[in-house]
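Let's take a walk through this protein together, starting with its charges and ending in its interior. Have a look at the sequence and the fold first.

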Amino acid sequence: MICLQRKNRAAPVECPYLPGKEFIQEYFLALEVNENEFSTLLEKGWRKFGYYFFRPVCPECRECIPIRILTDRCRYTKSMNRVLRKNSGIKVLISKSEFNEERYQVFKKHSEIRFNTGLSMQSFIDDFCVSAVPSVFMDYKDGDRLIGVGVVDISSNALSSVYFAFDPDYSKKSPGIFSMIVEIETAKNLGKKYYYPGYYISDSNSMSYKAKFKPYEALDWETFKWSEQSEDIYPGVPVSE
């Protein structure tokens, strides 16, 4: 592992997911991390953008739960199969994590309309077009039109979703759910045991869909052990159909 910086702790900021709470993260910068090293980091709850690795260390909150889906046992609900049918005409192409203007415009439009924030070209490059670990873009196309872009990292035993941006014009097709299905199936095809969709927060509506994919394991921040979860662990999550 080629590290550019030792672990640091960021100053507290307002939590983007739970109003009224503070968010504190520890982080480090790394230039090059191999697939085995990356697997170990994922198992310890680390996430990344570009060369920036981070995980929450909020002293009074442990609501950001790392989860990972067991790909070989994952089964889709009736509603998920409906999403697949709605997107039957969408083609998905996997390519290197390289910048192009068309991808940037999808990310920019997604950020502006979904979150009312801008995204500079340099931020797009720094967060998604460079990577300390093996990484790919997954381009979602409706004919010749690029309608979504997924950024996926690769470890020795898993795929890890970094981010998925889509054209808001296609919101009715449930592109977020569709992208997770595509990424899980890609993990299966590559022989990866796990798929990491990122942190799950039971009280955040924007993250509830992640735990609909079962079975999954969750990380205990105190012991750093993973355990498979039953359906009633997180009562705020709708039960699968």
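When we count charges here, Lys and Arg count as positive and Asp and Glu as negative, while His and the chain ends are left out. In this predicted model, the chain carries 33 positive and 32 negative charges, and the mean positions of the two sets are 4 Å apart.

Now step back and look at the whole fold. The chain is built from five helices and 15 strands. Its radius of gyration is 17 Å, close to the 18 Å that the globule rule gives for 241 residues, so the chain is as compact as a globular protein of that length. Along the principal axes, the C-alpha atoms fill a box of roughly 45 × 40 × 40 Å. Among contacts with a separation of 6 or more, 67% join residues 24 or more positions apart.

What share of the 241 residues is buried? Buried residues make up 49% of them. On the outside, the accessible surface comes to about 12,300 Å², and carbon and sulfur atoms account for 50% of that.

Let's go inside. In soluble globular proteins, nonpolar side chains tend to be buried together. The largest nonpolar core here has 59 residues, and those touching the most other members include Val 33, Phe 53, Ile 69 and Tyr 140. Helix H5, residues 175-189, gives the most to this core, with seven residues. A second, separate core has 13 residues, including Phe 107 and Cys 129.

Finally, try zooming in on Phe 53. Leaving aside residues up to four places away in sequence, Phe 53 touches Val 33, Phe 38, Leu 41 and Trp 46, among others.

Conventions. Residues are numbered from 1 along each chain as its sequence is written. This is a predicted model: local features need pLDDT of at least 70, side-chain atom pairs count only at pLDDT 80 or more; totals for chains, interfaces and linings use all residues. Side-chain values use heavy atoms; hydrogens and water are left out. Helices (H or I, at least four residues) and strands (E, at least two) are DSSP runs, numbered from the N terminus. The radius of gyration is taken over C-alpha atoms; the globule rule is 2.2 Å times the number of residues to the power 0.38. Buried means under 20% relative accessible area, exposed over 50%, partly exposed in between (1.4 Å probe, protein chains only). Contact means heavy atoms within 4.5 Å. Accessible areas come from the Shrake-Rupley method with a 1.4 Å probe; for residues, only the protein chains shown count as cover. The place of a charge is taken as NZ of Lys, CZ of Arg, CG of Asp or CD of Glu. A nonpolar core is a set of buried Ala, Val, Leu, Ile, Met, Phe, Trp, Tyr and Cys residues joined through side-chain atoms within 4.5 Å.
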